[in-house]
Amino acid sequence: MRLTIKSVIRWEQKQGKSFSMMNYNNPEEIESLLYAMYLTETGSSYTFNVFQRAIMDKTFTKQMVSELERITRVMSQFQKKQEKADVGNTDVSPETIASIVSTLIMAGLDAHYALNEMELCDLPLYIEAYEKKRREEMESARMWTYLTILPHIDVRKMKNGAKDLIIFPWEEVEKEAEKEINETEVECFENLLKQGKNIFKS
């Protein structure tokens with residue numbers, strides 16, 4: 001069996017929540033994932049109840065669980081490490097794999113590849129590429145808007161050029177990061193001066 005994106009989406013559809021919220025200690029959720037993997041791999045049309053009766057065979061169940069554990073161990077080697085960060089409002093449900101992959105497909109990613117061949121650990125690569133492309137498109141659109149209205153505005157009032165039209169969220173983050181770096185550099189420089197004065201005094 002393989003843990004394809006399609007099987008993950010089938011799991012989300014059945015459980016009604018994001019795959020990132022899967023509880024690996026919940027037997028039903030594990031069984032649902034095995035069921036989704038079995039369906040997408042074999043093309044079978046058995047219901048979940050029939051599948052549950054089938055996996056009452058301990059040998060069959062042990063083999064499937066063992067295969068799932070092997071797959072997750074292999075994939076975890078390539079999973080991008082998540083840094084702890086301020087995630088904001090924790091009441092907001094995480095986005096589903098189904099929603100993310102649908103967006104990527106509509107943006108041009110091959111549907112067959114995305115659903116049947118792409119590994120789960122590769123998804124962040126495509127998300128990052130998509131977000132980069134969207135940023136470039138939005139920044140380009142802003143620049144063209146700025147150039148279009150340029151003959152009709154007082155340029156002296158727009159000290160930041162196109163950014164005076166709109167500042168995108170990622171630019172706000174970069175601005176804050178740059179501010180923090182500058183403040184740190186100033187603080188280090190001031191400490192260096194103080195140390196220098198102390199040395200000369202002695």
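1. Ile97 sits in helix α5 (helices here are DSSP runs of H or I, at least four residues, numbered from the N terminus). Ile97 counts as buried because its relative accessibility is 12%; buried means under 20% relative accessible area, exposed over 50%, and partly exposed in between, with a 1.4 Å probe and protein chains only.

2. A word on provenance: this is a predicted model, where local features need pLDDT of at least 70, side-chain atom pairs count only at pLDDT 80 or more, and totals for chains, interfaces and linings use all residues. Residues are numbered from 1 along each chain as its sequence is written, and side-chain values use heavy atoms, leaving out hydrogens and water.

3. Back to Ile97: leaving aside residues up to four places away in sequence, Ile97 touches Ile5, Val8, Glu12, Phe19, Leu120 and Leu123 (contact is heavy atoms within 4.5 Å). Ile97 and Lys6 are 91 residues apart in sequence, yet their C-alpha atoms are 9.4 Å apart.

4. Now the largest nonpolar core (buried Ala, Val, Leu, Ile, Met, Phe, Trp, Tyr and Cys joined through side-chain atoms within 4.5 Å). It has 31 residues, and Phe19, Leu33 and Ile97 have the most contacts inside it. At least two core residues come from each of α1 (5–15), α2 (27–42), α3 (48–54), α4 (58–76) and α5 (97–106), with α2 giving the most, seven.

5. Leu33 is worth a click too: not counting residues up to four places away in sequence, Leu33 touches Leu3, Trp11, Phe19, Met22 and Leu68.

6. Trp144, in helix α7 (residues 123–149), is exposed, with a relative accessible area of 57%.
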